[in-house]
Amino acid sequence: MQNEALLEQVQEIFRDVLDDEEIVLQETSTAEDVEGWDSLTHIQLIVAIEKHFKIKFTSKEILSWKNVGELVDCLAAKLA
Amino acid sequence: MSFNSLPFLLFFVAVFTLYWFAFREKTKAQNAFLLIASWFFYGYASLKMLPLLIGATAVFYGLGIWMKHCRSEKGASWIGTLGVVLGVGLLLAFKYLNFFIESFAALFQAMGLQTNWHTFNIILPLGLSFITFKLISYVLEIRRGKIEAETDFVAFAAYIAFFPCLLSGPIDRPQFLGQLHKTRVFDYDTAAEGMRQFLWGLAKKVLIADRCVYVIDPVWENIGEASGSSLLMAALLYTFQMYTDFSGYSDMAIGTGKLLGFRIAKNFNYPFFATNVAEYWRRWHMSLTSWLTDYVFMPLNVRFRDWGKFGMILAIVINMVLVGLWHGANWTFGAFGLYHGLLFIPLILSGAFAKKHKLKAGRLGLPKLSDLGGMVLTFLLVTVGLVIFRADSVGQAWQFLSGMAHLETLKGFYLFFLHPDFRTKTVLIIVLMVLEWRNRTVEFPLVPLKAYHWAVRYAIYLALVCLLVMLWDKNLTFLYIDF
């Protein structure tokens, strides 16, 4: 799957978990740019992504992402 | 050299002048000068501990370089772990060793075993808790791939020892190093804002925090004799004292940083407008809580993520106990942390913890009634926590809290507002809260002054400075200097 398509699905998950239909994600987005995305909701987002794609990230991967782009890259590598 | 002292004023005027005039736009020279000034600042406070600061800086600089040159990722990761062990070891040795010895000796005694263990005569190096947290985050950020190891020793040492934040924070992350590599050009607006923020911090400290000391301390010295209402008054005032003292200090540190052209991490964001405890911790001592969130809470939460809400509760309770214990080796700090951890449980179970509540003003520009209820409840919960925090022992905290918990307390309580000892303080606290509420969207309440006519602006500065000089109490230092 292309990264763009993945980004779109991830965006859908964000909208769902954070209960905000107006969220628009870009590869460069960080928690600072998205309202409601903080250390507490972060984990709910990760769990939702893992469930949706039926994959499991490692702790190290989760803690190393600097933005949404890196999350999506990591996701793409898992799905490949 | 406390920020509210004459030596600091003289020191800072000298640093400021040389920094901007003699070393203008020479980044490396400015960094070297900052480093020397910062080490001098530390040596002035505690010459004996200066070698420890320099030694720890050199060791962690070396660890960073070692990680950079390490070929395998696993090796670099191990060096990072070594850094964490060293940092935590430093804290344990200086801050917690005697506590462990005493606690184990007491435990063995309770089991009927006699020990003849001795505690050591250890002096806690100034600012150690703040310095070690900077050092630890440096190796962790390299290990997470978020920053590169710093090759410029002077810049690294200047970051660790940066004097505005050296003794009591805010705890800046290693990303701060980026600012040390940039050319700093004097900007009048930033410097003026720094002055205003320093003045605001000093005003909170002198006008409220220092005024409260003399009514709170006597109550604590004689809890058994004090009436329920004076205990309640002392507890409520202590919450304001702690806030105005520590946020006052932080504003002065951040203001000093701005005067030198640096952006320092934010430490407070109007915490008394938090409508629940989770929100409160996002607004109180933010540089510490965000540090622990990143390096303790998040890794735990990631690890426990399949356990649902229970995992999150476990992670938050561990995290909050560490927030408490970071302040020092006493069961009261652990109890303080545990208490706050437990307060998160209803918020996690109801899902309210994550909702960032947007404060909207209701009629007359005041908070909405439902928000105000949350604010008052949060404030009272925080006040109970600070009684535990302030007490010498858990038993004393219990004595204090149970002394407050009867109906008589409320009967005598309102009289305090009329008592000459409390009248001015109450008025000043109300003024503070109103100013904060009106300016809650800007960094600190004096920000809007910049738009005022210069004559009005300077009249306000002058009045404030005169008031501060008159009321300034040179015997009082900052509460967080002890941590």
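Helices here are DSSP runs of H or I with at least four residues, and strands are runs of E with at least two. By that count, chain A has four helices and zero strands. The model is a predicted one.

**Chain A**

Read from the N terminus, the elements of chain A follow the order α-α-α-α. Its radius of gyration is 11 Å, close to the 12 Å that the globule rule gives for 80 residues, so chain A is as compact as a globular protein of that length. The C-alpha trace of chain A spans about 30 × 25 × 20 Å along its principal axes.

Chain A carries 7 positive and 17 negative charges, and the mean positions of these two sets are 12 Å apart.

**Chain B**

Chain B has 19 helices and zero strands. The radius of gyration of chain B is 23 Å, close to the 23 Å expected from the globule rule for 483 residues, so this chain is as compact as a globular protein of that length. Along the principal axes, the C-alpha trace of chain B extends over about 75 × 70 × 45 Å.

There are 42 positive and 28 negative side chains in chain B, with the centres of the two sets 7 Å apart.

The table sets out some values for each chain.

| Chain | Buried residues | Share of contacts (separation of 6 or more) that join residues 24 or more positions apart | Accessible surface | Carbon and sulfur share of surface |
|---|---|---|---|---|
| Chain A | 46% of 80 residues | 47% of contacts | about 4400 Å² | 47% of surface |
| Chain B | 54% of 483 residues | 76% of contacts | about 22400 Å² | 68% of surface |

**Domains of chain B**

Chain B is divided into domain 1, residues 6-186, and domain 2, which is made of residues 190-275 + 357-482. The C-alpha centres of domain 1 and domain 2 of chain B lie 29 Å apart. Across the boundary, 26 residues of domain 1 of chain B are in contact with 20 residues of domain 2 of chain B.

**Helix 6 of chain B**

Helix 6 of chain B covers residues 153-161 and is mostly covered, with seven of its nine residues buried. The buried residues of this helix are B:Ala155, B:Phe156, B:Ala157, B:Ala158, B:Tyr159, B:Ile160 and B:Ala161. What do the buried residues of helix 6 of chain B pack against? Their partners are helix 2 (27-46), helix 3 (50-69), helix 5 (128-143), helix 7 (163-166) and helix 8 (177-181) of chain B.

**B:Ala315**

B:Ala315 lies in helix 13 of chain B, which runs over residues 308-326. Is B:Ala315 buried or exposed? The relative accessible area of B:Ala315 is 0%, and a residue counts as buried when this value is under 20%, so B:Ala315 is buried. Leaving aside neighbours within four places in sequence, B:Ala315 is in contact with B:Phe297, B:Leu300, B:Asn301 and B:Phe304. B:Ala315 and B:Ala209 are 106 residues apart in sequence, and their C-alpha atoms are 34 Å apart in space.

Key: Residues numbered from 1 in each chain as written. Chains lettered and ligands numbered in written order. Heavy atoms only, no water. Rg over C-alpha atoms; globule rule 2.2 N^0.38 Å. Buried < 20%, exposed > 50% of the residue type's maximum accessible area, 1.4 Å probe, protein only. Contact = heavy atoms within 4.5 Å. Areas by Shrake-Rupley, 256 points an atom, 1.4 Å probe, with all protein chains shown as cover. Lys, Arg positive; Asp, Glu negative; His and termini not counted. Charge placed at Lys NZ, Arg CZ, Asp CG, Glu CD. Domains from an automatic or database assignment.
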